[in-house]
Amino acid sequence: MLKTAAGNAVSAAEESKRRNIRYHSLTALYQKEMADHVTSKRFIIILILVIAMTIASVYGAVTGISSAIKNAAMDSKSSFDMNYMFLKLYTTSGSSIPSYMSLIALVGPFIGLILGFDSINAEKNNGTLNRLVSQPIYRDSIIIGKFLASSTLIAIMVLSTGISVGCAGFLASGIRPSGEEAVRVLIYLVYTVIYICFWLAMAMLFSVFTRHAATSALASIALWLFFAIFMSLLAGIMANAAYPVNTEYQQAVNGMNNYNLNLNLNRVSPYYLYSEASSVLMNPATRAINAVSYTQLVGALSGYLPLGQSLLLVWPHLVGLLALTFAAFTISYIGFMRQEIRGN
């Protein structure tokens, strides 16, 4: 029994030592990656891009809201909605400038791709990866530290730009947010962080399995273009092939099935998932995201969804984005752990 107790004590001490080594190695790599990002030229480019996007979106929103309010005051028949005005700072475009939601949906994936497309293969080509793994650190701490550092930078950028848009809009227009509007904006920003982290994970996946940074960058951009542009075209073609709607009879028989199949195929795309969830969160007038029949509309009261009901509509989108991000990072993690790293 004394030998067993002594063996257990030694095992516990060794396990505690391994945990300390893992924690300190991960912390050191996380700090190194953060320092590399902040001091790199690409960070300056991203920062300039984000600042320009924030200024443009605030200017466009304030201009669009001001002109819409003036038109509504002059025209009694105007349909401009005066409810949830603070959310319109993020969704309104003006002076040929897209809204903040449109800009972040376009620019956000590129931030993730820029931060991750050469995270692994650049270290291999420069000969610094074999020096990293030769240190007394756990190998998985390398890829985990890189992902955590880039995710932290993404979260800081998204939250800072989102809060800046709200503060600048308040100072320029005097529109104050209610408690529900502030929570909606915060949840929307969290969705945005997860969405960009998915593209970061995809960029790291291509960086693990390709040798050159240019190849991983082109592959990542091609995947983004497919999901953002061509996925909707492919979904429409497949839905029309399965349920034709060329004639009036086919539209009456296959219309609902065609729409549902098209919608479900589009939801495979993370771009569509993010766009649909954002529209529900930032527009409380959106009451449904699936097809609604005429019988379901009979007796329905017009109005706005409370925050809890909007979250019930979009929580599957959050789970889907998290699952896609976790799957992409897991594949890159396994691939990195199984690769042989040789010195140049």
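Me: Where is Asp118 found in this predicted model?
Reply: Asp118 is in the loop between helix 4 (100–116) and helix 5 (121–126).

Me: Why is Asp118 called buried?
Reply: Its relative accessible area is 15%. Buried means under 20%. So Asp118 counts as buried.

Me: What makes the meeting of Asp118 and Arg42 a polar contact?
Reply: The two side chains come to 2.6 Å. The cut-off is 3.5 Å between N or O atoms. The pair is within that limit, so the name applies.

Me: Why do Lys146 and Glu123 count as a salt bridge?
Reply: Side chains of opposite charge can pair when their charged atoms come close. For Lys146 and Glu123 the N to O distance is 2.9 Å. The rule asks for a Lys or Arg nitrogen within 4 Å of a carboxyl oxygen of Asp or Glu. The pair therefore passes.

Me: What does the pair of Lys146 and Glu123 tie together?
Reply: Lys146 lies in helix 7 (residues 140–173) and Glu123 in helix 5. The pair therefore ties together parts that are 23 residues apart in sequence.

Me: How do you know whether Lys146 and Glu123 are buried or exposed?
Reply: Lys146 has a relative accessible area of 4%. Glu123 has 12% relative accessibility. Buried means under 20%, so both names fit the buried class.

Me: Which residues are linked with Lys146 and Glu123 in a network of salt bridges?
Reply: Lys32, Glu33 and Asp36 belong to that network too. Within it, Glu33 pairs with Lys32, with the closest N and O atoms 3.1 Å apart.

Me: Why is Glu33 put in one class and Lys32 in another?
Reply: Glu33 has a relative accessible area of 7%, so it is buried. Lys32 has 29%, so it is partly exposed. The buried limit is under 20%, and exposed starts over 50%.

Me: What makes Phe198 and Trp199 an edge-to-face pair?
Reply: The search of the whole structure finds eleven aromatic pairs. In this one, the centres are 5.0 Å apart and the planes meet at 70°. Centres must lie within 6.5 Å, and planes over 60 degrees apart count as edge-to-face. Both tests are met, so the pair is edge-to-face.

Me: Why is Phe226 called partly exposed?
Reply: Phe226 has 31% relative accessibility. Partly exposed lies between 20% and 50%, so the label fits. Phe226 sits in helix 9 (residues 213–242). It belongs to an aromatic cluster with residues including Phe198 and Trp199.

Technical notes:
Residues numbered from 1 in each chain as written. Predicted model: local features only at pLDDT ≥ 70, side-chain atom pairs only at ≥ 80, totals over all residues. Heavy atoms only, no water. Phe/Tyr/Trp six-rings, centres within 6.5 Å; stacked < 30°, edge-to-face > 60°. Helix = DSSP H or I, 4+ residues; strand = E, 2+ residues; numbered from the N terminus. Buried < 20%, exposed > 50% of the residue type's maximum accessible area, 1.4 Å probe, protein only. Polar contact = N/O pair within 3.5 Å; in protein donor to acceptor, adjacent residues only side chain to side chain. Salt bridge = Lys/Arg side-chain N within 4 Å of Asp/Glu carboxyl O.
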